[in-house]
Amino acid sequence: ADTRETPGVPGGAASVGTDGAAEPDPADRADAAHRPKRRLQLGAGAVAAVLAVAAVAYLAGGGRDKTAAPAHPGAPTTASAASPGCKRSGCLGKDPGATGCANDGKTLITANDGKVTLYIRYSPRCEAAWAKLTEGAPNDTATITTNSGQSQTALIHWGYDAYSPMVDAGNDVTLKVCGHQPEGDNCTPDVADPPQYLTAHPQH
């Protein structure tokens, strides 16, 4: 028989439990009973520390998210709504959407060309204008012209709608949009002095 002593067990024999595994010393059992409690205390302390840091950061930020949401969801992002990408003659031939001029675009006047609707569109901030047509078909066009000889054309490549690049629409400019389609042609009335016209005929 093995007469070597096992620490904590009298007579050198280890105490054996019902499953055949050595049972721990009573002092170890007492210590193990306190371990989950200590783990819970440590875990609660860590969570409290994280919440305290988050609260300080929240209060330091004024209690609100300072990330600004887009002012116009879906609007062009290449130019700010507050600062147009061009003005007057600097807008000639440029896209109203890409420059941000479309952000405050107003319809000065409309006309029908068969089923097609023609528009003179105008940006007060950019002082520029462009042609637009809706309910058309491929190859239908709408051309905006000025009394100074500038012109830009909207062409439907596919779908039903299109708009043209811009022309200078300063105070002394007169604008007109003419549509062309297989069924015939038609034009809007002339619009002189777009800023004054917009004041006298508020549109959307």
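Two residues count as being in contact when they have heavy atoms within 4.5 Å of each other. The exercises below concern a predicted model, and each is followed by a worked solution.

**Exercise 1. Find which residues Val177 touches, leaving out residues up to four places away in sequence, and place Val177 in the nonpolar core.**

Step 1. With the neighbours up to four places away set aside, Val177 touches Leu118, Tyr119, Ile120, Ala131, Ala142, Thr143, Ile144, Asn186, Cys187 and Thr188.

Step 2. The largest nonpolar core has 22 residues, and Val177 is among those with the most contacts inside it, together with Leu108, Ile120, Ala129, Leu133, Ile144 and Leu175.

Step 3. The elements that each give two or more residues to this core are β1, β2, β3, β4, β8 and α3 (194-200), and the element that gives the most is β2, with four residues.

Step 4. A second core, separate from this one, has seven residues, including Cys91, Ala128, Trp130 and Met166. As background, nonpolar side chains in soluble globular proteins tend to be buried together.

**Exercise 2. Work out how the disulfides are arranged along the chain, and state the handedness of each.**

Step 1. A disulfide is a covalent bond between the sulfur atoms of two cysteines. This structure holds three disulfides, and when the bonded cysteines are counted along the chain, their pattern is 1-2, 3-4, 5-6.

Step 2. Cys86 is bonded to Cys91, with the sulfur atoms 2.1 Å apart; the torsion about their S-S bond is about 105°, so this disulfide is right-handed. Cys86 and Cys91 are both buried.

Step 3. Cys101 is joined to Cys126, with an S to S distance of 2.1 Å, and a torsion of -95° about the S-S bond makes this link left-handed. Cys101 lies in the loop between α2 (96-99) and β1 (106-113), while Cys126 lies in the loop between β2 (116-123) and β3 (128-134), so the pair ties together parts that are 25 residues apart in sequence. Both of these cysteines are buried.

Step 4. Cys178 and Cys187 form a disulfide with their sulfur atoms 1.9 Å apart, and the value of 110° about the S-S bond goes with a right-handed link.

**Exercise 3. Decide whether Cys178, Cys187 and Gln181 are buried or partly exposed.**

Step 1. The cut-offs needed here are that a buried residue has under 20% relative accessible area, and that an exposed one has over 50%, with partly exposed residues in between.

Step 2. Cys178 has a relative accessible area of 24%, so it is partly exposed, and Cys187, at 32%, also counts as partly exposed.

Step 3. Gln181, which belongs to strand β8 (residues 174-181), has a relative accessible area of 8%, and is therefore buried. Leaving aside neighbours within four places in sequence, Gln181 is in contact with Asp113, Gly114, Lys115, Val116 and Asp140.

**Exercise 4. Describe how strand β4 (residues 141-146) is joined to β5, and how the side chains of β5 (residues 151-155) are arranged.**

Step 1. The two strands run antiparallel and are joined by five bridges; within this pairing, Ile144 stands opposite Gln152 in β5.

Step 2. β4 and β5 form a hairpin with four residues between them, and Gly149 in the turn has a positive phi of about 100°.

Step 3. Along β5 the side chains alternate, in that Gln152 and Ala154 point to one face and are buried, whereas Ser151, Thr153 and Leu155 point to the other face and are not buried.

Notes:
Residues are numbered from 1 along each chain as its sequence is written. This is a predicted model: local features need pLDDT of at least 70, side-chain atom pairs count only at pLDDT 80 or more; totals for chains, interfaces and linings use all residues. Side-chain values use heavy atoms; hydrogens and water are left out. A disulfide is a pair of cysteine sulfur atoms within 2.5 Å. Buried means under 20% relative accessible area, exposed over 50%, partly exposed in between (1.4 Å probe, protein chains only). Two strands pair if DSSP finds at least two bridges between them. A nonpolar core is a set of buried Ala, Val, Leu, Ile, Met, Phe, Trp, Tyr and Cys residues joined through side-chain atoms within 4.5 Å.
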